[in-house]
Amino acid sequence: MPKLEEKVLLVDNEPRILAGLRRRLSSHFNLLTAESCAETMKLLEEHNDIAAVVADIRMPDMDGIELLREMRLHWPDVRRIVLTGNTDQSTAVAAANQGKVYRFFTKPCDTDQLAAALHDALEEYRLTTHDKAARQTLEVQAEAGERARKAFLSNMSHELLTPLNHVIGFSEVLEQRWRDKGETETLEYLDHIRESGHALMRFVHRILEIARLSSEDSQNSRSVLEIAPIVRDEIAKLRPQAARRNVTVSFHAPMQPLYIEANEHDLRLALKELLDNAVKFNRVDGHVGVAISQTGDEILVRIADTGIGMGDNQTEKLAHASTSGSDDDTHQFHGIGVGLTLAALFATAQGGKLTIDNRRDNGTSVMLLLKRSSSREKAAEQSMHAQSV
């Protein structure tokens with residue numbers, strides 16, 4: 001049988017016993033020997049490939065149980081086998097029951113049984129350390145991947161947004177110059193350049209937000225938020241855009257405060273995208289209805305419009321990815337998938353979900369389902385109760 005790569009450390013203060021064990025086990029294992037606990041500790045520090053220790057429980061410089069305790073503390077993966085005399089069996093059994101040793105044998109032990117136990121111990125050690133090394137490798141790879149992702153996003157942000165700022169800025173300068181000259185045709189071209197630059201910049205920002213929401217960063221900076229005032233605030237920001245298309249917006253929410261635990265920036269981003277879609281892809285003189293309701297431990301934000309709606313295939317695609325459909329009229333919905341993707345990622349990060357109820361030619365309802373946080377409500381109830389008492 002070939003020797004195993006991992007080492008076995010034999011510990012006994014009697015050289016004769018050590019010599020006998022070495023002679024019987026050397027053909028199967030890579031052996032080291034020590035005649036004291038101090039020497040054992042030194043060898044464990046010097047050799048990181050010691051997989052098992054076979055030690056006498058009675059040692060002159062340190063109690064064997066104390067040695068086992070130190071090994072378990074500093075070298076927990078090393079398998080510990082105890083050799084004990086008849087008078088020490090109760091101590092060895094107690095040590096085994098406490099998980100401090102892998103096996104124990106009464107001296108003089110059967111070396112074939114000891115060898116079999118060592119093979120089992122080394123196999124278990126190998127599996128344990130292999131799993132640990134694999135986990136460490138995966139963690140290192142994950143960290144490297146996250147660093148690469150952040151570096152890529154940072155670089156993309158710089159490389160795209162910097163020239164876009166230049167395009168927009170210089171187009172505005174040229175617009176002013178040509179306006180002074182009365183060149184209306186040139187002004188139209190410059191207006192297209194500027195608007196296209198702004199559209200592309202908004203798209204880049206959305207892509208960066210999608211990448212962030214897809215990472216663990218989106219779990220940070222959460223707080224307990226009352227949802228109705230935030231929805232009302234985002235609707236107020238949208239009203240000028242809605243007025244330009246003669247789209248009316250209504251809002252309904254329960255009287256009692258409802259709370260969620262979320263990142264406020266992400267919540268506002270999701271609401272902005274959904275409200276913007278509801279107005280942008282609505283009919284002229286249409287309507288957007290926004291309502292908040294509570295169902296058990298969940299809060300539903302429903303945003304319904306009176307637009308032309310989408311086909312079932314578009315609904316499926318837009319709910320799950322940043323894409324447009326392939327039907328002839330899907331060019332009207334360019335950009336809507338990015339907003340839905342952002343909102344869906346936000347909902348998922350909060351443990352909720354986003355669903356779409358769509359009827360062709362009869363508008364679209366988007367439902368943002370979020371988990372309710374009752375901590376603030378309980379605190380308010382306790383405060384009111386304390387005041388009444």
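**A walk through the sheet and its helices**

Let's start with a stretch to treat with care: over residues 321-336, pLDDT stays under 50, and the model has 32 contacts there beyond four places in sequence. This is a predicted model, so that score is about the predictor's confidence in each residue. Residues 382-387 also stay under 50 in pLDDT, but here the count of contacts beyond four places in sequence is 0. For the protein as a whole, the average pLDDT is 76, with 72% of the residues scoring at least 70.

Now to the sheet. Five strands make it up, and if you walk across it you meet them in the order E7-E9-E10-E12-E11. The sheet is open, and its pairing is mixed. Which strands stand at the edges? They are E7 (248-252) and E11 (353-358); each has a single partner strand, so one side of each has no neighbour in the sheet. Going from one strand to the next, the twist averages 15°.

Strands of a sheet pair through backbone hydrogen bonds, either parallel or antiparallel. Take a look at the E7 end: E7 and E9 (residues 287-295) run parallel and are joined by 5 bridges. One place to find this pairing on your screen is Thr 248, whose bridge partner in E9 is His 287.

Next come the helices. H7, residues 227-244, lies across E7, E9, E10 (298-305) and E12 (364-371), and runs at about 175° to E7. Helix H8, made of residues 264-280, packs on the sheet too, where it touches E9, E10, E11 and E12. The direction of H8 makes about 25° with that of E10.

Key. Residues numbered from 1 in each chain as written. Predicted model: local features only at pLDDT ≥ 70, side-chain atom pairs only at ≥ 80, totals over all residues. Heavy atoms only, no water. pLDDT = per-residue confidence, 0-100. Contact = heavy atoms within 4.5 Å. Pairing = 2+ DSSP bridges. Helix = DSSP H or I, 4+ residues; strand = E, 2+ residues; numbered from the N terminus. Axes fitted to C-alpha atoms, helices over the stretch in contact; angles between N-to-C directions.
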